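These notes record what I looked up, entry by entry. I took the salt bridges and the pockets as my topics.

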Amino acid sequence: MEVRTAGIEGVRVLVPTPHRDDRGLFTRTFDTAIAAEHGIDLGPESQDSQSRSRQGTIRGMHGRQGRGEAKLVRVAHGAVLDVLVDARPDSPTFGTVESFRLDDEDFHHLFVPPGLLHGFQALTEVADVCYRIDRPHAPGEDVAVAHDDPDLAIAWPQPVTAISERDRTAGSWRALLASLT
């Protein structure tokens with residue numbers, strides 16, 4: 001498994017090596033030792049979750065206040081455009097927006113450090129996204145920024161077909177910035 005750095009400070013792309021033959025394929029989806037060599041430790045309280053989305057669905061942009069949360073994101077079925085925004089005021093890449101295609105062909109994984117906003121759009125008829133999160137969910141720490149905030153100018157590749165009420169009414173990037181100071 002190769003581990004690459006991304007443009008946002010602390011983000012890593014884990015690139016497995018799928019072994020393909022006439023039966024299909026086999027790939028390792030996580031290796032604790034390799035992750036640890038690159039500073040990735042999701043700790044003993046990690047939780048695994050999965051979402052299923054229809055094509056065009058957007059989930060995000062979500063984050064957590066306080067200690068934040070680190071997560072490892074991968075697609076088990078289909079494809080998504082995964083988007084990160086650095087919301088850490090002391091980060092050298094603060095405010096940077098970066099997008100990644102995650103799919104069930106290349107099996108790239110995205111390590112998202114605490115303090116980032118995260119969201120994605122399903123690019124295929126069905127997309128199953130798997131998350132390994134480093135701590136239990138704390139709803140009182142949730143923050144959200146509108147997926148179509150003009151200051152972020154995220155280039156979603158498809159028309160939005162579904163979005164939750166929470167995400168539809170999420171606040172602005174400017175409001176989040178004001179709460180961080």
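**Entry 1: a pair across the chain.** I began with Asp-128, which is buried, at a relative accessible area of 6%. I was working with a predicted model. I then looked for the partner of Asp-128 and found a salt bridge with Arg-52, in which the closest N and O atoms are 2.6 Å apart. The two belong to distant parts of the chain: Arg-52 sits in strand β5 and Asp-128 in strand β12, 76 residues apart. I also checked the accessibility of Arg-52 and noted 57%, so Arg-52 counts as exposed, the cut-off being over 50%.

**Entry 2: a buried pair.** I turned next to Asp-134 and Arg-135, which form a salt bridge with the closest N and O atoms 3.6 Å apart. Is Arg-135 buried or exposed? I noted a relative accessible area of 13% for Arg-135, which is therefore buried, the limit being under 20%. For Asp-134 I likewise recorded 13%, and this residue is buried.

**Entry 3: a pair within a helix.** In helix α2 I looked up Glu-165 and Arg-168, which lie 3 residues apart, about one turn of the helix. Their salt bridge has its closest N and O atoms at 3.5 Å. I noted that both Glu-165 and Arg-168 are exposed.

**Entry 4: the count and a network.** How many salt bridges are there by the rule applied? I recorded a count of 13. I also found a network of salt bridges that links Arg-64, Glu-69, Lys-71 and Glu-141.

**Entry 5: the largest pocket.** I recorded a volume of about 530 Å³ for the largest pocket. Its lining comprises 26 residues, and nearest the centre lie Arg-59, His-62, Lys-71, Tyr-131 and Arg-166. Lys-71 I had already met in the salt-bridge network. By class, I noted 11 polar, 8 charged and 7 nonpolar residues in this lining. At least two lining residues come from each of β5, β6, β11, β12 and α2. Which element gives the most to this lining? I found that it is β6, with 5 residues.

**Entry 6: the second largest pocket.** For the second largest pocket I noted a volume of about 180 Å³. I counted 16 lining residues, with Arg-64, Gln-65, Ala-87, Gly-115 and Leu-180 nearest the centre. The elements β6, β11 and α3 each give two or more residues to this lining. I recorded its classes as 8 nonpolar, 5 polar and 3 charged. Arg-64 is also a member of the salt-bridge network of Entry 4.

Conventions
Residues numbered from 1 in each chain as written. Predicted model: local features only at pLDDT ≥ 70, side-chain atom pairs only at ≥ 80, totals over all residues. Heavy atoms only, no water. 1 Å grid on protein atoms, 1.4 Å probe; cavity = no way out; pocket = protein on both sides within 12 Å on 5 of 7 lines; lining within 4 Å. Points joined across faces, edges and corners; volume = space filled by probe spheres on them. Helix = DSSP H or I, 4+ residues; strand = E, 2+ residues; numbered from the N terminus. Nonpolar A, V, L, I, M, F, W, Y, C, P; charged D, E, K, R; others polar. Salt bridge = Lys/Arg side-chain N within 4 Å of Asp/Glu carboxyl O. Buried < 20%, exposed > 50% of the residue type's maximum accessible area, 1.4 Å probe, protein only.
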